[in-house]
Each structure stands twice: as C-alpha cells, then as structure tokens.
Amino acid sequence: MGMAQADGAPCPGTAPSQPCVFKLVLLGSGSVGKSSLAFRYVKNDFKSILPTVGCAFFTKVVDLGAASLKLEIWDTAGQEKYHSVCHLYFRGANAALVVYDVTRKDSFLKAQQWLKDLEEEFRLGDVVVMLVGNKLDLGKEREVAFEEGKEFAESKGLLFMETSAKLNHQVTEAFGAIAQELWCREERKEDQQQQQRDAQLDLNQRPSAQARCCAR
Ligand SMILES: Nc1nc2c(ncn2[C@@H]2O[C@H](COP(=O)(O)OP(=O)(O)OP(=O)(O)O)[C@@H](O)[C@H]2O)c(=O)[nH]1
C-alpha cells in the first residue's frame, strides 16, 4: 500500500503539500476478481485471495506526471449475502470500477444491476465509472464479447476496459485512466470556480448604479 506523500502538483485549491484524495469503490459479483485487480495494482502481485468479507481497503499514490493524487480503493465483497452492506461503502465515492468476469454472463448482468444502484445514489456524471471485463486470459471460455461490454459502456457513457489481473494486462491502465479522468474533472471544477470568483470580483469593482449616480 503506497502511503508516500505525493510530489507532483498539489490538489487545486488546497494546501501545496496535500495530494488530492479520491475514493474509488470496486463493485461486482463474487469471484470476478475485484480483490485481485486491487492487489495487482497496489502490490503488483497475484495470489489466491479469500472472498472479501465486508470491505477491504487499499491506498495508492498515482503519479500523473504533472500531478499526483491519492486513490483510496474500497474493495467490496461480491457475495450476495453482503449486497446490502456494500451500499454503505459507496457513499461519498468519486469513482467506481464495476467489474464482471468475461467468462460469466451472469456477472455481466449483475454489473448492469450495480450500475442501476449507482444511478440511484449518484448522477452518473458526478462519479467516474469504468466497466471492467476481467479474466481476459480465459478468453476461450468467453460468455461476454468485447463488443457487448463496450457497447453497453458507451450507451451509459462509461469508460471501458478488459483486463487480466492474473497476467497483469491493462490493470495499471484501467486505474490510471480513472485517475486521469478524476484529475481532469478536478481541474475543470477549479477553472469554473476561478471564473466565478473573477466574475464576482469584476462585479464588486464596477461602481454600482447608486455610486455612479452620486458621483455625477
Ligand atoms: N484466470 C484468472 N483468474 C482470476 C483473475 N482475477 C482473479 N482471478 C481468480 O478468481 C478468483 C476470485 O478472485 P477475487 O479477486 O477473490 O474475486 P473478488 O471479486 O474479489 O471476490 P469476492 O471477494 O468474493 O467479491 C480467485 O481464484 C482468483 O485467483 C484473472 O484475471 N484471471
């Protein structure tokens, strides 16, 4: 778990030494590989992991070149018996990785259900969501075509990737794309706030109608 202080540009609008912190939740059916993806990304390792109970937690500082940010990765339990508690974990999330297993159609349908749940909690535009088809290395046993995943993601305006936590394929890229998108949105938000402050300043500096009247 990387807890080091970020060295890149500070979070817009915060103290210089503070990296931006973003909460990312991993959602999806049991055994699709959520923990394995997190473990691969944070520890660059793949090993047999027991089913998650409740939620596991990782942090990782992401270096984007011009900036660094800290991801708090909340790895939720996919087994059905934990479904109701998982909702507690996605409160306050900035991003979600909704994972399915490309060899299990049922997990793809469940991913669509998770998206519905997310839509109830957030406006999808307010959180960065990526749909991830994992276990790409088992491609011969595929039940969900690449195009099927991609088309569904596009119809919902989501990012999309297929990964293999086992072979370390597209894992860093998936988390990196989310971090990049979070950063772009943060900068856009900061630009908008600055424009509002400038506009306010402009208004304050302009003499009011009454002042102009008295000065006449
Ligand atoms: N072949 C292959 N197996 C994988 C991959 N990712 C995970 N697995 C295996 O799939 C099983 C489940 O992986 P987990 O990471 O525990 O899945 P999870 O989604 O976190 O499961 P829950 O904690 O029950 O929600 C394990 O046996 C992993 O070794 C992958 O990319 N390829």
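Colleague: What pattern does the protein chain follow, read along the sequence?

Modeller: It goes β-α-β-β-α-β-α-β-α-β-α-α, with six helices and six strands. Those are DSSP runs, numbered from the N terminus: H or I with at least four residues for a helix, E with at least two for a strand. Mind you, this is a predicted model: local features need pLDDT of at least 70, side-chain atom pairs count only at pLDDT 80 or more, and totals for chains, interfaces and linings use all residues. Residues are numbered from 1 along each chain as its sequence is written, and side-chain values use heavy atoms, leaving out hydrogens and water.

Colleague: Which residues come nearest the ligand?

Modeller: There are 21 around it, and Lys 34, Ser 36, Thr 52, Gly 78 and Asp 137 come nearest. To be in that shell, a residue needs a heavy atom within 4 Å of the ligand. Helix H1 (residues 34–43) gives the largest share, three residues.

Colleague: What makes the ligand's pairing with Asn 134 a polar contact?

Modeller: The cut-off is a pair of N or O atoms within 3.5 Å. A side-chain N or O atom of Asn 134 sits 3.2 Å from a ligand nitrogen, so the pair qualifies. Backbone N or O atoms do likewise with ligand oxygens: Ala 165 at 2.9 Å and Lys 166 at 3.2 Å. Taken alone, the ligand exposes 650 Å², and the protein buries 86% of that; the areas are Shrake-Rupley values with a 1.4 Å probe.

Colleague: How do you sort the shell into nonpolar, polar and charged?

Modeller: By residue type: Ala, Val, Leu, Ile, Met, Phe, Trp, Tyr, Cys and Pro are nonpolar, Asp, Glu, Lys and Arg are charged, and the others, Gly among them, are polar. That gives seven nonpolar, ten polar and four charged.

Colleague: Why is Lys 135 called neither buried nor exposed?

Modeller: Buried means under 20% relative accessible area and exposed over 50%, with partly exposed in between (1.4 Å probe, protein chains only). Lys 135 has 23%, so it is partly exposed. Gln 170, at 27%, is therefore partly exposed too. Across the chain's 216 residues, 42% are buried.

Colleague: What makes the phi of Lys 135 worth a look?

Modeller: Most residues other than glycine have a negative phi. Lys 135 isn't a glycine, yet its phi is positive, about 70°; this residue lies in the loop between strand S5 (128–134) and helix H4 (146–156). Gln 170 also has a positive phi, near 65°, in the loop between strand S6 (159–162) and helix H5 (171–205).

Conventions:
A polar contact is a pair of N or O atoms within 3.5 Å; within protein, one must be able to donate a hydrogen and the other to accept it, and residues adjacent in sequence count only if both atoms are side-chain atoms.
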